[in-house]
Amino acid sequence: MKELLRTGNHVRISWLAALLAGENIEAVVLDTHMSFAEGSISAIPRRVMVADEDYEAARRLLAEAGEWDGADLDAPDTLLGGRIMLRQPAEGYRVAVDPVLLAASVPAATTGRLLDAGTGVGAAALCFAYRVPGARVTGLELQPDLARLARGNVAQNGLDDRVSIVEGDILNPPRALAPGDWDHVIANPPYLLAGRAVPPPDAAKAAANVEGEAKLADWIGFALRMAKPKGGVTVIHRADRLDELLSLMHGRAGGIVVFPLWPKAGREPKRVIVRFRPGVKAPMRIAPGLVLHEEDGGYTADALAILRDGAALTL
């Protein structure tokens, strides 16, 4: 989970929780017992936490309501328990757990060369390169500012010899990217359909969240062309677009694995990881998936092993 803000004002906390709940964002308040132990409800500021995948929406909602505390967003972030340093824009799209889970789901034994389509600031590419020391990774990014940050992150983490960032468009790929040349292709495409969502005012975040000229069919088509025959493609996407994802693979790929990401046990999944293989006719299967959070909002042991310790995610 991520800390959204700290406050000792219990009235404000109640109001903020109601505001977030109105957008189906669950808030967890920590340190309540400490405040009472000190003899005053406001003696120790309490932390308002939200799930990583809800953080950006919650932050934007509070900013619109004039309740954002203005945390230092320019400081470098870390992934995998501090093993990866990541600098990213102070505003706009910011990395949550999705690229980490995506990178963890790629099988190391069969992946010598990985292509990360829409790499952003390089989170998934760097996480995979850290976990699989022998692999070579290329990240493709459309936005020049993000590509520049990704190159800086590669250098900061000392992975220049194995990770490269290429600026370009999946609709018109650079010549440096040869079709059929990659053991595995991963992608975290924009989740929202254009015309069905209000795009964020920040252009970079809008490009990350809302489909632009490149639609989901373009992302899947690009990944299938780039992967070797019988290689692998893995994407992470919204669970409510799974039917569309599967239809795009019909007759083009097999060995499909659908891996749900359950927010908590007994809850409907918001995200799915889907792996498929071009030129393969094996039947589809649905995996048990991963429960991300305990009832108290903390990560499960299985999720922590991946997000903090860099463990692989077996589909």
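Helices and strands are runs of residues assigned by DSSP, with at least four residues for a helix and at least two for a strand, and they are numbered from the N terminus. In this predicted model, that numbering lets us place Asn 24 in the loop between helix H1 (10-21) and strand E2 (27-30). Asn 24 has a positive phi of about 60°, although it is not a glycine. Most residues other than glycine have a negative phi. As for its surroundings, Asn 24 is exposed, with a relative accessible area of 65%.

A second loop residue makes a useful companion to this one. Leu 80 lies in the loop between strand E4 (77-79) and E5, and its phi, near 55°, is again a positive value in a residue other than glycine. Is Leu 80 buried or exposed? Because its relative accessibility is 3%, and buried means under 20%, Leu 80 counts as buried.

With these two places in mind, we can step back to the whole protein. Its secondary structure comes to 10 helices and 14 strands, and of its 315 residues, 49% count as buried. If we take the contacts in the protein with a separation of 6 or more, 71% of them are accounted for by residues 24 or more positions apart.

The interior is the next topic. In soluble globular proteins, nonpolar side chains tend to be buried together. Here the largest nonpolar core has 47 residues, and Leu 79 and Leu 101 are the ones that touch the most other members. Several elements each supply at least two residues of this core, including strand E5 (84-86), helix H4 (98-104), helix H6 (144-156) and strand E11 (253-264), while its largest share, 7 residues, comes from H5. Not counting residues up to four places away in sequence, Leu 101 touches Leu 261, Ile 273, Leu 290, Leu 292, Ile 306, Leu 307 and Leu 313. There is also a second, separate core of 30 residues, which includes Val 185, Val 235, Leu 248 and Ile 256.

Where is empty space left inside? A search of the whole structure finds 2 cavities of 30 Å³ or more, and about 50 Å³ of space lies in the largest cavity. Leu 80, the buried loop residue described above, is one of the residues that line this cavity, and among the others are Val 100, Cys 127, Phe 128, Arg 131 and Ile 306. Helices H4 and H5 each supply at least two residues of the lining.

Another part of the model can be followed from Phe 276, whose place is in strand E12 (residues 271-278). Phe 276 counts as buried, because its relative accessibility is 0%. Leaving aside neighbours within four places in sequence, Phe 276 is in contact with residues that include Ile 220, Leu 224, Val 235 and Ile 256. The C-alpha atom of Phe 276 is separated by 9.2 Å from that of Lys 230, although these residues are 46 residues apart along the chain.

Two of those contacts, Ile 220 and Leu 224, are among the buried residues of helix H8. This helix (residues 216-226) is mostly covered, with 8 of its 11 residues buried, and Trp 219, Phe 222 and Met 226 also belong to the buried set.

Finally, we can turn to the aromatic rings. The structure holds 0 aromatic pairs, but one ring does have a charged partner: the charged end of Arg 113 sits over the ring of Trp 182, 4.2 Å from its centre.

Definitions and conventions:
Residues numbered from 1 in each chain as written. Predicted model: local features only at pLDDT ≥ 70, side-chain atom pairs only at ≥ 80, totals over all residues. Heavy atoms only, no water. Phe/Tyr/Trp six-rings, centres within 6.5 Å; stacked < 30°, edge-to-face > 60°. Lys NZ or Arg CZ within 6 Å of the ring centre and 35° of its normal. Buried < 20%, exposed > 50% of the residue type's maximum accessible area, 1.4 Å probe, protein only. Core = buried A, V, L, I, M, F, W, Y, C linked by side-chain atoms within 4.5 Å. Contact = heavy atoms within 4.5 Å. 1 Å grid on protein atoms, 1.4 Å probe; cavity = no way out; pocket = protein on both sides within 12 Å on 5 of 7 lines; lining within 4 Å. Points joined across faces, edges and corners; volume = space filled by probe spheres on them.
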